[in-house]
Each structure stands twice: as structure tokens, then as C-alpha cells.
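Here is a short set of exercises to work through with the model open beside you. Try each task before reading its solution.

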Amino acid sequence: MSTPQTDNADRQFDRRLSEQNSLLQHRLRQLYGHTPGFEPWYAQLLDQLRQLHRERSTALQALDAAREADPGWFQHQTMLGYCSYVDRFGGDLQGVRSRIDYLRELGVRYLHLLPFLRARAGDSDGGFAVASFDEIEPRLGSMEDLEALTADLRAAGISLCSDLVLNHVADDHPWARAAAAGDAHHRAFFHCFADRTEPDAYEQTLVQIFPRTAPGNFTYVEALNAWVWTTFFPYQWDLNYANPAVFAEIAQAMLRLANRGVDVFRLDSAPYIWKRPGTDCRNQPEAHWVLQALRAVAKLVAPGVLLKAEAIVPTPELAPYFGTGDAHGRECDLAYHSSAMAACWAAVAEQRTDLLQSVIASMPPLPARGSWITYIRCHDDIGWNVLRPDAEANGGLQRLSKVARFYSGVDADSFAEGTSFQADDADGIHGSNGMSASLLGRNRARSTLEREQAERRLHLLHGVALTLGGLPLLYMGDELGMTNDDSDDSRAAQKIDGRWLQRPPLDLTRLQQRHDPDTEAGRLYQRLRNMIQLRGHLASLSADAPLTLLPSAQPALLAYQRGGDFVMLANFSSEALQIDLSSLGLDAGATWHDRLANASVSTTSLTLDAWSQRWLQRIG
Ligand code: OTU
């Protein structure tokens with residue numbers, strides 16, 4: 001039915017289609033052009049998209065228009081992210097609403113809530129085994145709660161990021177159930193193999209994500225009488241993106257959530273969505289085409305929406321998630337800087353910054369409207385595999401073994417209290433678990449000095465995340481110095497998946513102490529909040545301001561310039577460093593102000609205490 005509203009919406013749609021159609025159609029033709037009935041399929045997809053566009057609310061259309069007019073809105077230096085599980089943070093979605101004031105106080109403008117859609121019954125990988133894209137996990141609330149939350153967040157100036165698990169669905173998702181019941185249409189949503197021939201061939205070149213708890217990439221499913229591709233847990237069935245129906249379903253599921261008010265989609269496991277014999281089945285060109293097509297449909301229906309790549313891959317494979325060639329700047333808007341994250345932890349363990357510098361140096365400049373997610377911790381392990389190429393080029397893999405051991409909890413000389421993840425022994429290179437504060441020495445501190453050093457390390461890493469360039473994402477609890485979860489429930493969960501070590505519920509005592517400088521939580525929180533506020537005033541810290549490494553002869557020093565007037569100095573060692581600013585190649589005639597300490601700075605001899613940082617601003 002034609003009404004003035006739909007006519008107007010359709011005009012907008014047609015305008016946006018004229019911008020997106022050529023790339024969208026080209027990519028979908030490359031992916032699916034050879035499948036029978038491509039033309040009518042594409043026409044039908046456009047009709048479905050037009051309908052979803054009509055269904056977008058007035059408030060969301062206004063947001064779309066505002067963001068189209070200001071496409072760099074998420075790159076501003078006042079942007080700050082916060083990540084948590086719904087239950088850990090607020091109990092349920094309504095409880096999260098009641099924490100909005102807290103988020104505002106901290107300066108948060110972007111909230112990533114880990115999976116809240118209906119999850120598989122039983123084990124669900126923390127919700128990453130999705131049983132329905134259109135229902136909320138019942139214990140967390142309802143769709144109405146989600147819409148109420150997104151409306152409140154919007155009013156508070158906070159965007160909501162939701163996971164969109166691209167690579168797989170739960171084995172009890174209706175598509176999987178239909179396949180198991182013998183429906184050929186849905187069987188083709190998955191990769192099914194009659195015998196082990198192809199799986200065995202693929203296994204030759206595949207990697208293992210959970211080699212200990214979920215070895216192998218295929219699971220025999222009785223009901224299908226087939227081996228099903230299951231990269232992650234056996235109950236997470238990989239979707240077959242070579243099937244155009246899968247693309248159409250996922251794209252529409254995303255847009256329905258966008259129409260409920262989700263602003264950003266974290267594209268979980270994006271690298272894995274395309275399979276090719278003889279490869280590790282990650283980062284395939286077709287995976288990028290799928291993402292580019294997804295972005296085009298997002299810009300068509302919900303142009304205010306951003307896509308964030310969760311691509312935990314080494315540096316050379318990471319930058320392409322922002323798009324390459326004719327699609328430069330037309331793939332993901334955001335991507336986790338996982339190599340910088342892991343390299344920060346390596347720098348802490350080794351008390352030297354060369355791997356971190358190598359990671360930073362090898363990152364190409366991003367497209368004008370692309371931004372990193374900079375972060376120090378998340379709900380997953382710290383994965384060391386992303387650093388393999390950098391370590392191989394800088395002294396060898398044994399460096400990573402030592403780093404992994406440092407965080408494994410077995411090394412008596414280490415200040416870190418963590419556990420190793422999915423590795424055969426403490427030296428194995430895979431991942432490390434633990435909350436930041438515990439990994440940085442809080443639990444093992446035996447003196448005031450050691451405790452102080454642990455606090456400084458936490459601020460040091462947050463300082464890098466806040467200044468490196470991107471949208472910094474805090475992990476719930478780190479702002480209050482929360483430590484590893486050693487509750488009975490968590491211990492039991494860790495037996496199945498060690499990552500539960502870093503997923504404790506919000507510590508309400510610490511939360512209450514946050515304004516009390518005589519408490520640890522208060523000290524940590526107040527200083528971090530000051531850093532966040534200060535950052536908001538420093539235009540050189542916007543995500544699109546250039547980053548230049550400043551080479552130094554001191555191995556523990558990380559020094560970089562941002563924009564025209566900002567310099568970060570970070571000391572990754574337990575010894576004080578003596579620094580002459582002119583030795584860093586900075587203009588000898590310049591005068592600098594230390595913004596964190598609010599003090600003027602001598603250019604010739606500056607003492608950087610153990611594990612401390614300076615935020616210098618050029619004032620003359
Ligand atoms: C993602 O992770 C999620 O963040 C994990 O929590 C899920 O278990 C997983 O997907 C499956 O949905 O490789 O690029 O700890 O870094 O599994 C995707 C290992 C991933 C994670 C890894 C990861």
C-alpha cells in the first residue's frame with residue numbers, strides 16, 4: 001500500500017540503492033551468479049530489503065540521516081566502549097537499563113552486550129550457539145525489553161553493539177532441526193559430508209580453535225547421517241555461505257535486529273565463513289565479498305548501522321577486513337586490533353616493546369572512515385597465535401612460549417595469575433585466560449609497592465588502548481580492578497571452558513567503592529575516569545588522527561605521536577627510564593605539557609617511573 005510515508009521511505013531507498021547497487025550486485029553475482037535463478041533471487045532480495053527499510057521507525061530513520069550527514073561520528077575522541085555479558089552486568093536486559101547512569105558517569109558511548117539472543121538449550125558457548133535470531137534468551141528478557149533498552153541507550157547517547165554470529169548456528173536452531181528432520185532445503189544450509197574423505201582432506205590444512213575441548217572440525221550427526229562442519233564446538237554447525245539462501249536469511253536477520261535499535265554488529269568469527277580445499281579456510285576472498293555485500297545491505301536499509309569485524313588473525317590478514325581494491329572502505333567499519341592487544345601483553349611479560357612496535361609498524365593506514373577497536377581484555381582468551389609472524393621475524397616462536405608460560409600461573413617468578421588455554425603445556429602457544437588485574441599482578445602482590453605496580457600496569461595498558469587510535473573498548477570489571485572469578489560456579493564452568501575465569505559478575509562492593517579514593521577500586525576507577533575525560537579533550541586522539549611510532553634505543557619504551565601535538569610515552573618495565581625527548585626525533589625547540597600529571601616537561605631529561613606513562617601535548 002502506498003502512503004506518503006512509504007513513498008518517502010522508498011525515495012530514500014532508491015537513492016541509497018543507486019549508491020550501493022553496483023557493488024552489492026557485483027559481489028552477489030560473483031558469489032551466486034552461477035546458481036540457477038540468480039536474477040529472480042536478487043530481485044526478491046531487493047523487495048525484502050525495501051520492505052525492511054519501510055519498517056524502520058521514525059527515530060531510527062532520523063538517526064540514519066544524522067549519521068549519513070556525519071559519517072565519522074564513531075571516530076571522535078569522546079567515543080568509549082564497554083563490553084559485558086547481560087547477566088554479569090545487570091542480571092537481565094532491564095537490569096542493564098538501570099546501569100545506564102553508571103555507563104554515562106564513566107563516559108561510555110558504545111555498549112557491546114555479549115550474545116543475548118535465544119541460545120542453545122544446555123551448553124551454548126556463552127550464547128555463541130544461537131537458537132533464534134528473532135528471540136531474546138528468555139532468562140535475559142524479551143524483544144520488548146531489547147527495544148526499551150535501545151531507546152533508553154539512544155536517549156543517553158550510547159550505541160548498542162550486538163553480536164551477529166555469522167559462522168554457525170546452534171544444533172537446535174530451526175534450520176538445524178529442519179535439516180535433521182530430513183528437509184533438503186535446510187540441509188543445504190550446512191556443510192554435510194557422507195563420509196570422512198573430504199573432512200580428512202580438509203583437516204590437513206585446517207587450524208584447531210579448541211584443540212583440547214573440541215578437537216577436529218567435523219562432527220558426525222546421526223540424524224543427518226553425515227559429518228557436519230563444526231569449526232568451534234560440535235553443537236555449533238557452520239553455515240554454508242555458498243548457498244544464497246544462507247546469505248539472504250542472515251542479512252535479513254541482521255536488519256530485523258537493526259530495526260529493533262541495534263547500532264553495531266559484531267561479526268563473530270567472520271574469517272571462517274568461506275571454505276576452500278587446501279587452505280586453512282580463513283580470510284578467503286569470498287568471505288570478504290560476503291561481508292561487503294552485508295555492509296551494502298546495511299547501508300541500504302539501515303545506514304546508521306556499523307559492522308565490526310571479529311577477525312582474530314595475524315596482522316597481514318587483518319587490514320583487508322576494511323575492504324581492499326574497489327571495496328576499500330566498503331567492508332567493515334570497525335575491527336578488533338587483536339594483534340596490538342596481544343602484543344601489549346607480550347610487552348608486559350617481556351618488559352620490551354619490539355613486538356608491539358612491529359605490530360604497529362606493519363599496520364597499513366585505514367580508510368578514512370575505518371577505526372580499530374583498541375582493547376586490552378575481552379571475554380575470550382588472549383590469543384597468541386596472531387603474533388606468530390611477528391615473533392618469527394623477531395627472535396623466534398620461543399618468545400611466545402615464554403610469554404604464554406608467564407601468564408599460565410605455573411611460573412613462580414611471574415607476577416601474573418592466569419591459566420593457559422587449549423595448550424598442551426604451559427609453554428604451548430595458544431591462549432591465556434585471566435582478568436586483567438590478576439594477570440597484571442594484583443593477586444600475587446605481597447607489598448604496597450607490588451600492589452602499586454600492579455595498578456600502574458593496569459593504567460598503562462588502558463592508556464595504550466585510549467591513545468593508540470580507535471574506539472577503546474573496556475571490559476566490564478577492569479575499570480574497578482576486578483580479579484579472576486574463583487567462585488564454585490565459575491570453577492565448574494572452567495572445567496568445560498577455561499575462559500569463564502574472566503567472566504565474573506559485576507562486583508557490587510567495588511562498584512560502590514568507586515568514588516572512595518581510599519579503596520583500590522576507587523583509585524583505579526578515578527584515575528581511569530580522569531584519563532577518559534582528558535582524552536575527550538584531545539583532538540589528536542580521534543581515531544582518524546595519524547599515528548607515528550617514535551623509535552627509541554630503550555627496549556622497554558613505547559613512544560608514539562598522534563596527530564600534530566600528542567605524544568605517548570609508556571614504560572613497560574619495572575625500572576625507571578631516563579628519556580631525552582630530542583632523542584625521540586621530536587622537534588628540539590618544542591615545549592610540552594604533561595597532561596596526565598598537569599605539569600610542564602623538560603625536553604632534555606624526563607624520568608619515566610616503572611610501568612608509568614606520560615601524555616604529552618605540544619604547547620609551543
Ligand atoms: C568468537 O571467538 C567468540 O568471541 C567466542 O567467544 C566464541 O567461542 C567463538 O567465536 C565461537 O562463536 O576465533 O574469530 O577463544 O578467540 O573462538 C572467532 C578463542 C574466534 C576465540 C575464538 C573466536
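**Exercise 1. Is Phe 210 buried or exposed?**

First, the ground rules. This is a predicted model in which local features need pLDDT of at least 70 and side-chain atom pairs count only at pLDDT 80 or more, while totals for chains, interfaces and linings use all residues. Residues are numbered from 1 along each chain as its sequence is written, and side-chain values use heavy atoms, with hydrogens and water left out.

Step 1. Take the cut-offs: buried means under 20% relative accessible area, exposed means over 50%, and partly exposed lies in between (1.4 Å probe, protein chains only).

Step 2. Phe 210 has a relative accessibility of 4%, so it counts as buried.

Step 3. Try Phe 232 in the same way: its 9% relative accessibility makes it buried as well.

**Exercise 2. Describe the ring pairs of this model, starting with Phe 210 and Phe 232.**

Step 1. A pair of aromatic rings is described by the distance of the centres and the angle of the planes. Rings of Phe, Tyr and Trp (its six-membered ring) pair if their centres lie within 6.5 Å; planes under 30 degrees apart count as stacked, over 60 as edge-to-face and the rest as tilted.

Step 2. Searching the whole structure gives 31 aromatic pairs. In one of them, Phe 210 and Phe 232 have ring centres 6.0 Å apart and planes at 65°, so this pair is edge-to-face.

Step 3. Now place the two residues, using helices (H or I, at least four residues) and strands (E, at least two) that are DSSP runs numbered from the N terminus. Phe 210 lies in the loop between α10 (197–203) and β6 (218–221), and Phe 232 in the loop between β7 (226–229) and β8 (236–238), so the pair ties together parts that are 22 residues apart in sequence.

Step 4. For Phe 415 and Trp 611, the centres are 6.2 Å apart and the planes stand at 90°, so this pair is edge-to-face too. It links distant parts of the chain, 196 residues apart: Phe 415 is in the loop between α17 (398–406) and β14 (419–421), and Trp 611 in the loop between β23 (606–608) and β24 (613–618). Both Phe 415 and Trp 611 are buried.

Step 5. Finally, look for a cluster: ring pairs link Phe 210, Phe 232, Phe 233, Tyr 235, Tyr 272 and Phe 421.

**Exercise 3. Which ring does the charged end of Arg 196 sit over?**

Step 1. A charge sits over a ring if NZ of Lys or CZ of Arg is within 6 Å of the ring centre and within 35 degrees of the ring normal.

Step 2. The ring is that of Trp 227, with the charged end of Arg 196 placed 4.4 Å from its centre.

Step 3. Arg 503 gives another case: its charged end sits over the ring of Trp 500, 4.6 Å from the centre.

**Exercise 4. How do helices α2 and α12 cross, and which residues meet?**

Step 1. Axes are lines fitted to C-alpha atoms, for helices over the stretch in contact, and angles run from 0 to 180 degrees between N-to-C directions. The axes of α2 (residues 38–54) and α12 (residues 285–301) come within 9 Å and cross at roughly 40°.

Step 2. Angles under 35 degrees count as roughly parallel, over 145 as roughly antiparallel, 65 to 115 as roughly perpendicular and the rest as oblique. The two helices, α2 and α12, are therefore oblique to each other.

Step 3. With contact meaning heavy atoms within 4.5 Å, Leu 46, Leu 49, Leu 52 and His 53 of α2 meet Val 297, Leu 300 and Val 301 of α12. By class, this contact has 6 nonpolar, 1 polar and no charged residues (Ala, Val, Leu, Ile, Met, Phe, Trp, Tyr, Cys and Pro count as nonpolar, Asp, Glu, Lys and Arg as charged, and the others, Gly among them, as polar).

Step 4. Ala 298 also belongs to α12, and at 1% relative accessibility it counts as buried. Not counting residues up to four places away in sequence, Ala 298 touches Met 254, Leu 255, Pro 303 and Val 305.

**Exercise 5. What is the phi of Ser 269?**

Step 1. Phi of Ser 269 is near 55°, a positive value in a residue other than glycine.

Step 2. Ser 269 is found in the loop between β9 (264–268) and α12, and its 3% relative accessibility makes it buried.
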